[in-house]
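Here are some short exercises to work through with the model open in your viewer. Try each task before reading its solution.

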Amino acid sequence: MIAVLYPRDDKLAMEVAIKTGLDYNNVYVAPTYRISEKRVLSELEKAEYGIMLIFDPKVKIDEKTRKRFDFLKERVKKMFVIIPDVLKTNVKANGKIEFVDFRGNDYNDLISKLNTLVNRLNSEKAQSEALILLLLVIVFIIALLITIKTSK
């Protein structure tokens, strides 16, 4: 699952997150209103990847979103921060955090970057699942061959 966060007062980021999240089966858009924090955190625990989505550089990241970000970045394989190219952040990039920028105030560029990222993550997950299935089939064939050889 991919979890998507956005600052509470960033209305365009919320709109993009919700619209984009509806296009994918395994995307959880963490709501900022009218839901218990315990429930949100239990959903965030299931995420393999996290996305922090910021559209409006003037909107401050509220405390609840910051706590969710910190909670998520400690648990996921990779955290992506999608920000306008004009925004500077105090979160430092490392092996677990990757910044993806888009042209500031360009709604279409933001949606394009987000769709590309979600498609990439879904593709990586599908490839990973196919590899695991292939390995299981190989193990099954080896076990079958060993069983046939020992029963003779």
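Buried means under 20% relative accessible area, exposed means over 50%, and partly exposed is in between (1.4 Å probe, protein chains only). This is a predicted model, in which local features need pLDDT of at least 70, side-chain atom pairs count only at pLDDT 80 or more, and totals for chains, interfaces and linings use all residues. Residues are numbered from 1 along each chain as its sequence is written, and side-chain values use heavy atoms, with hydrogens and water left out.

**Exercise 1.** Classify F55 and Y107 by burial.

*Solution.* Start with F55: its relative accessibility is 5%, so F55 is buried. Next, Y107 has 23%, so Y107 is partly exposed.

**Exercise 2.** Work out how the rings of F55 and F102 are arranged, then do likewise for F55 and Y107.

*Solution.* First, the criteria: rings of Phe, Tyr and Trp (its six-membered ring) pair if their centres lie within 6.5 Å; planes under 30 degrees apart are stacked, over 60 edge-to-face, and the rest tilted. For F55 and F102, the centres are 5.8 Å apart and the planes at 15°, so this pair is stacked. For F55 and Y107, the centres are 6.5 Å apart and the planes at 75°, so this pair is edge-to-face. Finally, put the rings together: F55, F102 and Y107 form one aromatic cluster.

**Exercise 3.** Find which residues I51 is in contact with, leaving aside neighbours within four places in sequence.

*Solution.* Apply the contact cut-off, heavy atoms within 4.5 Å. The partners of I51 then include I2, V4, F80, I82 and L114.
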